[in-house]
Amino acid sequence: MRVRDLQHAVLPRVTSEERSRQEAVVSLRRLLNTRVRPQNIDAYSAEGLPAFVEANGRQPQSPDEVQEAFLMSPRYRRWSAANRAAQEMIWVSVGEPTYRDLDRMTQAAADLIDAPQKLGSLTLDPDYDPSPEVADLDIHLQPGGYGMDRGEHDVVAGALYECGGNVFSFGQGIGRGDSKASVIIKLLESDYEGFVPGKMLDMGCSAGAASAAYAAHWPDAEVHAIDIGAGMLRYAHARAESLGVAVHFHQMDASALTFEDDSFDLVVTHNVLHEIGADKRRAMLREALRVVRPGGVVIHQDVDIRRPPSLIHQVERDWDTHFNGEAHWATYATADLIADMHAAGFPREAIVEHDLAAIHGANRWYAISGKKPG
Ligand SMILES: C[S@@+](CC[C@H](N)C(=O)[O-])C[C@H]1O[C@@H](n2cnc3c(N)ncnc32)[C@H](O)[C@@H]1O
């Protein structure tokens, strides 16, 4: 299979050897996650649980004890170690081309960022200090984390995020129309018929894949996007300019926006809920409602991990919390998001949860949306 990247000027150019290595990681991760991981529950029942009962004379009684029992299964431990190694291999496979091609990428970014005529804009805040709960973590083991900033024209965090995401998603990539943005556009068409934003905000945009997809889909809309990391935002901005779409990127915290009240028709987040703690999440939900206009729509989309059928499945799901640097994975999965949206100010009848099919493949996404009264 091929790793499908959307081509643009700041994307690292890979050699055929580097491409082969990325494809090997894609294959290994696909094997571990689609073929072997579904057997983890069976490994628990066949090996982990009996070992726990023999050692303790009783059944596990808490999530911690269920995890202890999982770890008593040799099969589960082998999968866990292999999956951790495969996740680390993602970053090696995309780090090599990124640092090898960095001079060219940095120059390409500088040319696009400093160009006199631009479609969009980039507003960095040199006084902004990314919150420690994100900046001090290598979430999903991305080296340097989301907040990494190596100085003027640095784009490494964004390059690692885009390329790592392409390998992580089994090579499906984040194309112009092949992204989570397409799922949300489809949701708007079906559930908010006739709604077309004139001005929108994408919060926690990372490399700006969804932001650029929205700008391409609604060329007349004014698209704004925020993130905490300067290295991420420079890359996102240069990427959007290279793709020929207009996006205005800002370094800003989603829980403390500097936009005026009622500024946007549409506010979205993609895969941000699972990256932040409960207090920040609640503040972000309040801010999204504050900056959307009356009659406007807020949609928070994220991974579909919120309905495990049993405690055993829940503990299995929480592997990422313990072994993949996803500190807020379980916090998000167990949050009462309807209560949080209501506490943020949405009337209950305006809040809808969605179970959404991916545009391609069997993956599903969770989303929660609300229309601001008025
Ligand atoms: C998993 S990434 C999702 C990126 C992108 N929306 C996507 O779906 O591919 C989460 C992003 O949220 C950003 N983020 C985390 N906390 C944030 C905050 N408080 N304010 C703004 N962005 C934040 C991170 O820097 C990171 O780029």
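**Helix α10, its packing against α5, and selected buried residues**

At 1.5 Å a residue, the 14 residues of helix α10 should span 20 Å, and this agrees with the 20 Å that separates its end C-alpha atoms in the structure, which is a predicted model. Of the 14 residues of α10, 13 are buried, so the helix is largely enclosed by the rest of the structure. After α10 comes glycine 244, which has a positive phi near 80°.

Two packed helices are described by the angle between their axes and the distance between the axes. For helix α5 (residues 102-113) and helix α10 (residues 230-243), the axes come within 9 Å and cross at roughly 70°. Because angles of 65 to 115 degrees count as roughly perpendicular, α5 and α10 are therefore described as roughly perpendicular to each other. On the α5 side, the contact is made by Ala109, Leu112 and Ile113, and on the α10 side by Arg234, His237, Ala238, Glu241 and Ser242. By character, the residues of this contact divide into four nonpolar, two polar and two charged.

Helix α5 itself has twelve residues and reaches 16 Å from its first C-alpha to its last, which is close to the 16 Å expected at 1.5 Å a residue. The buried residues in α5 are Leu102, Met105, Ala108, Ala109, Ala110 and Ile113, and what covers them includes α4 (74-100), β1 (121-123), α7 (156-168) and α10. Ala109 and Ile113 are thus among the buried residues of α5 and also take part in the contact with α10.

Two charged side chains in other helices were examined in the same model. Glutamate 18 is placed in helix α1 (residues 16-36), and with a relative accessibility of 8% it counts as buried, the cut-off for this class being under 20% relative accessible area. A polar atom of the glutamate 18 side chain lies 2.9 Å from the backbone nitrogen of threonine 15. When residues up to four places away in sequence are not counted, glutamate 18 touches Arg13, Glu96, Pro97 and Arg100. Between the C-alpha atoms of glutamate 18 and isoleucine 276 the distance is 33 Å, the two residues being 258 residues apart in sequence.

Arginine 281 belongs to helix α11 (residues 278-291) and is buried, with a relative accessible area of 2%. Its side chain is joined to that of aspartate 340 by a polar contact of 2.9 Å. Aspartate 340 also appears among the residues that arginine 281 touches, together with Leu273, Ile276, Thr331, Ala335 and Leu337, again not counting residues up to four places away in sequence.

Positive phi values were also found at two loop positions. Histidine 153, in the loop between α6 (132-135) and α7, has a phi near 65°, a positive value in a residue other than glycine; histidine 153 is buried, with a relative accessible area of 14%. Asparagine 271, which is found in the loop between β5 (264-270) and α11, has a positive phi of about 55° although it is not a glycine. With a relative accessible area of 15%, asparagine 271 is likewise buried.

Note on methods: Residues numbered from 1 in each chain as written. Heavy atoms only, no water. Axes fitted to C-alpha atoms, helices over the stretch in contact; angles between N-to-C directions. Helix = DSSP H or I, 4+ residues; strand = E, 2+ residues; numbered from the N terminus. Parallel < 35°, antiparallel > 145°, perpendicular 65-115°, else oblique. Contact = heavy atoms within 4.5 Å. Nonpolar A, V, L, I, M, F, W, Y, C, P; charged D, E, K, R; others polar. Expected span 1.5 Å × (residues − 1). Buried < 20%, exposed > 50% of the residue type's maximum accessible area, 1.4 Å probe, protein only. Polar contact = N/O pair within 3.5 Å; in protein donor to acceptor, adjacent residues only side chain to side chain.
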